[in-house]
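Hi,

Here is the structure I promised to pass on. Have a look at it first, and my notes follow below.

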Amino acid sequence: MSMTKNKLSASRVLVVGDVMLDRYWYGAVDRISPEAPVPVVRITHEEERCGGAANVAFNAATLGAQASLLTVVGNDEASHKLEALVAKTGIRTHFGRDSDLKTTVKLRVIGRQQQLIRLDFENTPKNEVLATQTATFTRLLAEHDAILFSDYGKGGLAHVSDMIAGARAAGKPIFIDPKGSDYSRYQQATVITPNRAELQQVIGAWATEDELHTKVHALRQQLQLDAVLLTRSEEGMTLFDADGHLHVSAQAREVFDVTGAGDTVIATMATLVGAGMRLRDAVPLANRAGGIVVGKFGTATVSYEELFV
C-alpha cells in the first residue's frame with residue numbers, strides 16, 4: 001500500500017514523553033591507567049543525538065510528517081543543547097522546564113569501535129511542571145491527527161491517563177510505547193507496542209502461540225485497547241485486534257544495530273494512521289521501516305523515499 005508524499009506531509013503527529021540527549025565521546029585507547037586496571041581513553045571527538053521521545057519525533061519528521069514534541073526537561077546545558085538539536089530538524093518544540101530536574105543524558109564512551117562505559121544522568125520531574133504539561137497537551141490536541149506517548153520510565157508521563165482520556169474524547173488515535181509492569185495507566189489507548197521482554201513483564205511467559213494469543217486478547221479487553229502490536233525482533237511483529245491477529249515477518253537484511261528500532265516502528269505507524277491509513281495497512285510498512293533502520297548505526301531514521309520508492 002502506498003501513500004503520496006503530500007498526504008504524508010499533512011499528517012500532524014504530537015509526541016509526548018521522556019526525552020534524552022544521547023552523547024557519544026569517541027577516543028583512542030593506547031594504554032592502561034597506572035591508577036587502576038582501566039583503559040585510558042583520549043577523547044578525539046564528540047557527537048550528540050536526539051534520544052528517547054525526541055528520536056521518536058525525529059523519525060516522524062524524517063518521514064515527512066509535521067511533528068510536535070511535548071516534554072519536561074531541566075533548565076541545564078543539556079536541555080538547551082537538546083532543544084536546539086530538535087528544533088533544527090523542523091520539529092515544533094514545547095519544552096516545559098523544571099529547574100530541579102536534570103535533563104536525562106546518556107553518555108557513551110567509545111574506544112576501539114566498542115562501548116567502554118555508559119554514564120546516565122537523570123532524576124524525576126515535579127508534579128507542578130507535569131500539570132502544566134497536561135494543560136499544554138489539551139491546547140495542542142485539536143491541531144494534531146495522531147498522538148504518540150513515548151514512555152521511557154523517567155517520570156515525564158505520570159499524568160498519561162488524563163492525557164489519554166482527553167485524546168480519546170477528541171477522537172484521536174493514541175499510540176503508546178509502554179514501560180514497566182503496570183499497563184493500567186494506558187487504558188483506552190488505540191494501540192500499545194511492547195517488545196517481547198516488556199510484554200512478558202505484564203502477562204507472564206507463554207509456551208505456545210495459542211497461549212500468547214489468549215493472554216494478549218485478555219489484556220486488550222481488560223485495558224479496552226483497540227490493538228496490541230508485539231514487536232518480536234527477528235520474528236517480525238504481530239498485531240492483535242478485534243479481528244484477530246495479523247503477523248508480518250521480519251525483513252531479512254543485515255542487522256547492524258537495533259538501537260531505536262522500536263522508535264521507528266511506532267513513529268511510522270502513527271504518521272501513516274495520522275495521514276488516514278488503516279492500522280492494519282500501516283503495520284507492514286512500520287515493519288519495513290524497522291527493517292531498514294536496524295541496518296544503520298545508532299539511533300537512526302527512515303525517509304519517505306526509503307520506505308515507498
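Before anything else, one cut-off: a residue counts as buried when its relative accessible area is under 20%. Also keep in mind that this is a predicted model.

With that cut-off in hand, take helix α9, which covers residues 279-293. Of its 15 residues, 11 are buried, so the helix is largely enclosed by the rest of the structure. The buried ones are L279, A282, V283, L285, A286, N287, A289, G290, G291, I292 and V293. The length of α9 checks out too: at 1.5 Å a residue it should span 21 Å, and its end C-alpha atoms are indeed 21 Å apart, so the two agree.

Next, the sheet. Nine strands form an open sheet with mixed pairing, in the order β5-β4-β1-β8-β9-β10-β11-β12-β13. Its edges are β5 (92-97) and β13 (244-248), each of which pairs on one side only. At the β13 end, β12 (residues 237-241) runs antiparallel to β13, and five bridges join the two. One pair you can look up there is L239 with its bridge partner L246 in β13.

Two helices lie across strands of this sheet. Helix α2 (residues 53-63) lies across β1 (12-17), β4 (66-73) and β8 (146-150), and runs at about 170° to β4. Helix α3 (residues 77-88) lies across β4 and β5, at about 165° to β5.

Is T231, in strand β11 (residues 227-231), buried or exposed? Its relative accessibility is 17%, so T231 counts as buried. Leaving aside residues up to four places away in sequence, T231 touches P194, N195, R196, G236, M237 and V265. Of those contacts, R196 belongs to helix α6 (residues 196-203), which brings me to the last item.

How do α6 and α7 cross? The axes of α6 and helix α7 (residues 209-222) come within 11 Å and cross at roughly 70°, so the two helices are roughly perpendicular to each other. On the α6 side the contact is made by L199, V202 and I203, and on the α7 side by L212, K215, V216 and L219. By type, these contact residues divide into six nonpolar, no polar and one charged.

That's what I have for now. Shout if you'd like to go through any of it together.

Cheers

Conventions. Residues are numbered from 1 along each chain as its sequence is written. This is a predicted model: local features need pLDDT of at least 70, side-chain atom pairs count only at pLDDT 80 or more; totals for chains, interfaces and linings use all residues. Side-chain values use heavy atoms; hydrogens and water are left out. Buried means under 20% relative accessible area, exposed over 50%, partly exposed in between (1.4 Å probe, protein chains only). Contact means heavy atoms within 4.5 Å. Helices (H or I, at least four residues) and strands (E, at least two) are DSSP runs, numbered from the N terminus. The expected span of a helix is 1.5 Å times one less than its number of residues. Axes are lines fitted to C-alpha atoms, for helices over the stretch in contact, and angles run from 0 to 180 degrees between N-to-C directions. Angles under 35 degrees count as roughly parallel, over 145 as roughly antiparallel, 65 to 115 as roughly perpendicular and the rest as oblique. Ala, Val, Leu, Ile, Met, Phe, Trp, Tyr, Cys and Pro count as nonpolar, Asp, Glu, Lys and Arg as charged, and the others, Gly among them, as polar. Two strands pair if DSSP finds at least two bridges between them.
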